[in-house]
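Please look through the sequence and the three-dimensional structure shown here before reading on. The report after them is meant to be read slowly, with the structure open beside it.

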Amino acid sequence: MDSVSSSGACAAFIASDSSTKPENDDGGNYEMFTQKFVFRPELFDVTKPYITPAVHKECQQSNEKEDLMNGVEKEISISIIGKKRKRCVVFNQGELDAMEYHTKIRELILDGSLQLIQEGLKSGFLYPLFEKQDKGSKPITLPLDTCNLSELCEMAKHLPSLNEMEHQTLQLVEEDTSVTEQDLFLRVVENNSSFTKVITLMGQKYLLPPKSSFLLSDISCMQPLLNYRKTFDVIVIDPPWQNKSVKRSNRYSYLSPLQIKQIPIPKLAAPNCLLVTWVTNRQKHLRFIKEELYPSWSVEVVAEWHWVKITNSGEFVFPLDSPHKKPYEGLILGRVQEKIALPLRNADVNVLPIPDHKLIVSVPCTLHSHKPPLAEVLKDYIKPDGEYLELFARNLQPGWTSWGNEVLKFQHVDYFIALESGS
């Protein structure tokens with residue numbers, strides 16, 4: 001078992017000020033002022049489990065009492081009517097599969113997490129619940145989705161297709177501070193500088209990390225990414241999996257298994273590409289990835305990892321044995337298998353073999369569906385200076401290309417704080 005501790009989904013970017021001034025009268029040297037932006041720490045302020053073990057136990061006891069009362073009523077009804085039968089709990093196949101899977105990985109999750117939590121407490125990354133409690137903490141004010149990125153993607157569908165057009169990108173230069181929605185449609189936007197840029201889109205400010213690029217579109221308009229003339233050594237996918245709560249809420253769009261299979265991974269993947277797919281704990285989705293999705297893309301499963309979510313004091317965010325929600329999610333890692341051997345990029349660079357059942361233990365971000373960045377966790381298993389892609393992204397990463405219909409959502413400047421400026 002190989003376990004890793006992660007500090008969560010923190011991001012730190014350096015932004016350059018567009019104004020410079022000469023150090024002396026001859027103007028030979030210039031001084032550039034920089035400012036550092038970091039993700040707001042209060043977005044990782046998870047001091048208590050979402051469901052405490054005590055509440056979980058009370059719910060169980062309440063259900064047992066209810067079952068007991070129901071049993072008494074049924075016994076009475078049986079004595080009177082003589083025909084009614086006691087109700088027994090029957091699990092469906094999906095629930096049985098989930099319990100069997102949990103039994104297999106339970107000790108791995110528990111033992112590996114406890115070792116990392118102890119190290120976190122020793123290092124000061126985690127702290128006991130009675131420490132650092134801010135009784136006067138204010139509610140977090142999050143930015144409104146006034147830009148509505150997904151609606152912009154709907155508008156893009158009415159523009160001419162790029163299928164037959166030449167490769168187009170929008171490269172941001174130092175003077176660029178604002179872009180129109182037309183600038184973003186049907187093209188990849190690049191920030192090739194070594195500094196973060198602040199762009200304004202429909203009155204909202206967004207941070208673009210250094211050496212990053214993105215395409216804002218939905219799955220029906222991915223052609224600009226194919227026209228980008230790049231293949232990628234690592235592709236991370238976080239599909240909007242279909243589930244009952246999503247169906248009921250009608251707040252989030254989701255894709256069917258058939259739609260997910262249609263993502264053009266074979267055209268985007270470089271030889272020996274590492275594919276990483278986030279997956280929920282539904283065994284139906286896990287089997288789909290291993291038995292249908294990856295084989296359809298000529299991808300061989302090489303490992304299964306687990307993201308374990310804890311509080312700032314080291315407790316699981318959900319009881320480990322909760323029958324409803326678990327404090328962990330999965331990642332399925334695979335390698336693209338080429339029918340014909342092709343030359344690899346950086347073939348002379350050795351990387352470590354990918355271990356199975358690696359643990360990523362971190363305090364989760366309080367923003368919905370915000371996953372920890374994997375660049376640091378994957379660095380020992382991928383070649384340096386490669387091309388990296390994240391699909392269904394909601395934020396950007398330095399050195400990565402990102403795609404999604406809300407790809408700038410968590411890059412809104414209100415999610416960050418600016419630290420001291422310096423030269």
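What follows describes a helix, a pair of strands and several aromatic rings in this model, which is a predicted one.

**The helix α2**

Helix α2 covers residues 93–123, and because each of its 31 residues should add 1.5 Å, a span of 45 Å is expected, which agrees with the 43 Å between its end C-alpha atoms. Along its course α2 bends by about 45° at I105, and I105 is also one of the buried residues of this helix, which include Y101, H102, L108 and I109 as well. At the start of α2, a side-chain oxygen of N92 comes to within 3.1 Å of the backbone nitrogen of G94, while just after the helix G124 takes a positive phi of about 90°.

**The strands β11 and β13**

Strand β11, residues 299–309, runs parallel to β13 and is joined to it by 4 bridges, and in this pairing H306 stands opposite L359 of β13. Are the two faces of β13 covered or uncovered? Both are covered, since L359 and V361 on one side are buried, as are I360 and S362 on the other. The C-alpha atom of S362 is separated by 9.8 Å from that of F44, although the two residues are 318 residues apart along the chain. F44 itself belongs to the loop between β3 and α1, and with a relative accessibility of 8% F44 counts as buried, because the cut-off for that word is under 20%.

**Aromatic rings**

A pair of aromatic rings is described by the distance of the centres and the angle of the planes. The count of such pairs in this model comes to 11, and two of them are set out in the table.

| Pair | Centre to centre | Angle of planes | Kind |
|---|---|---|---|
| W305 and Y381 | 5.9 Å | 70° | edge-to-face |
| F410 and Y415 | 5.5 Å | 85° | edge-to-face |

W305 lies in strand β11 and Y381 in the loop between α10 and β14, so their pair ties together parts that are 76 residues apart in sequence. Both W305 and Y381 are buried, and both F410 and Y415 are buried too. The residues F410 and Y415 also belong to one aromatic cluster, which they form with F39, F44 and F416.

Lysines lie over the faces of some rings as well: K358 lies over the face of W305, at 5.6 Å from the ring centre, and K371 lies over the face of W278, at 5.6 Å from the ring centre.

Technical notes:
Residues are numbered from 1 along each chain as its sequence is written. This is a predicted model: local features need pLDDT of at least 70, side-chain atom pairs count only at pLDDT 80 or more; totals for chains, interfaces and linings use all residues. Side-chain values use heavy atoms; hydrogens and water are left out. Buried means under 20% relative accessible area, exposed over 50%, partly exposed in between (1.4 Å probe, protein chains only). Two strands pair if DSSP finds at least two bridges between them. The expected span of a helix is 1.5 Å times one less than its number of residues. The bend at a residue is the angle between axes fitted to the seven residues ending there and the seven starting there. A polar contact is a pair of N or O atoms within 3.5 Å; within protein, one must be able to donate a hydrogen and the other to accept it, and residues adjacent in sequence count only if both atoms are side-chain atoms. Rings of Phe, Tyr and Trp (its six-membered ring) pair if their centres lie within 6.5 Å; planes under 30 degrees apart count as stacked, over 60 as edge-to-face and the rest as tilted. A charge sits over a ring if NZ of Lys or CZ of Arg is within 6 Å of the ring centre and within 35 degrees of the ring normal.
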